[in-house]
Amino acid sequence: QGGGTLLVDAYTGSSEFATTARTELESIFDEMAPLPADDPLAAGRFDGGVDLSEAARLKLPVRQLLRRRGEDSLGQKLQIILSDDRPAVLFSEFDLSAAAIGVESYRALGYKPQSARQIIGNIVAYIALD
């Protein structure tokens, strides 16, 4: 809340971790909301940014899960908590970290590697501009 930004993801998409982490983060900060597709961070509207509505690709197990939930399976699925109109917490119930470094896990619930790197790149570049 004092100015930093926390990025939390569920390694390989662990649903147990995602549920626990989300509950804990919301008890400390505030309720999470989906990062809107038109938010500058998601839309990549800054130097070096990538439009995550077009670029973010999820692995098949995630797309299947989202369809079962009745949710759209296109684009980024980040959750955000704002503090003074800036991202204080960015949360992904789907794996970013293993995918970004190319670790393959059978049936992992996560982003495809290139997409994970683009999402993390957007976050780092956006925060660095602040």
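Start with burial: 43% of the 130 residues of the protein count as buried. Buried means under 20% relative accessible area, exposed means over 50%, and partly exposed lies in between (1.4 Å probe, protein chains only).

This is a predicted model, where local features need pLDDT of at least 70, side-chain atom pairs count only at pLDDT 80 or more, and totals for chains, interfaces and linings use all residues. Residues are numbered from 1 along each chain as its sequence is written, and side-chain values use heavy atoms, with hydrogens and water left out.

**Whole view**

Colour the model by pLDDT, the predictor's confidence in each residue, from 0 to 100. The average for the protein is 92, and 98% of the residues score at least 70.

Now show the cartoon. Six helices and four strands appear. They are DSSP runs numbered from the N terminus: helices are H or I with at least four residues, strands are E with at least two. The order from the N terminus is β-α-β-α-α-α-β-β-α-α. Select residues 33-34, which form strand 2: its mean pLDDT, 97, is the highest among the elements. Then select residues 52-55, helix 3, where the mean is lowest, at 84.

Zoom out. The C-alpha trace spans about 40 × 35 × 30 Å along its principal axes. The radius of gyration is 14 Å, which agrees with the value near 14 Å for a compact globule of 130 residues. That radius is taken over C-alpha atoms, and the globule rule is 2.2 Å times the number of residues to the power 0.38.

**Stop one: strand 4**

Select residues 86-92. Seven of the seven residues of strand 4 are buried, so the strand is largely enclosed by the rest of the structure.

Which strands pair with strand 4? Add residues 6-9: strand 1 pairs with strand 4 in the parallel sense, over four bridges. (Two strands pair if DSSP finds at least two bridges between them.) Pick Leu7 here; its bridge partner in strand 4 is Leu90.

Next add residues 79-83. Strand 3 pairs with strand 4 in the antiparallel sense, over five bridges. Pick Ile81, whose bridge partner in strand 4 is Val89. Strands 3 and 4 form a hairpin with two residues between them. Click Asp84 in the turn: its phi is positive, about 55 degrees.

**Stop two: salt bridges**

Turn on side chains. The structure holds three salt bridges. Each is a side-chain nitrogen of Lys or Arg within 4 Å of a carboxyl oxygen of Asp or Glu.

Go to helix 1, residues 15-28. Glu26 and Arg22 meet here in a salt bridge, 3.3 Å from N to O. They are four residues apart, so about one helical turn separates them. Glu26 is partly exposed at 25% relative accessible area, and Arg22 is partly exposed at 27%.

Move to Arg69. Its relative accessible area is 37%, partly exposed. One salt bridge runs from Arg69 to Glu71, with the closest N and O atoms 3.6 Å apart. Glu71 is partly exposed too, at 39%.

Where does Glu93 sit relative to Arg69? Glu93 forms a salt bridge with Arg69, the closest N and O atoms being 2.7 Å apart. This pair links distant parts of the chain: Glu93 lies in the loop between strand 4 and helix 5 (97-100), Arg69 lies in helix 4 (residues 60-69), and they are 24 residues apart. Glu93 is partly exposed, at 26%. Select Arg69, Glu71 and Glu93 together: salt bridges that share partners join them into one network.
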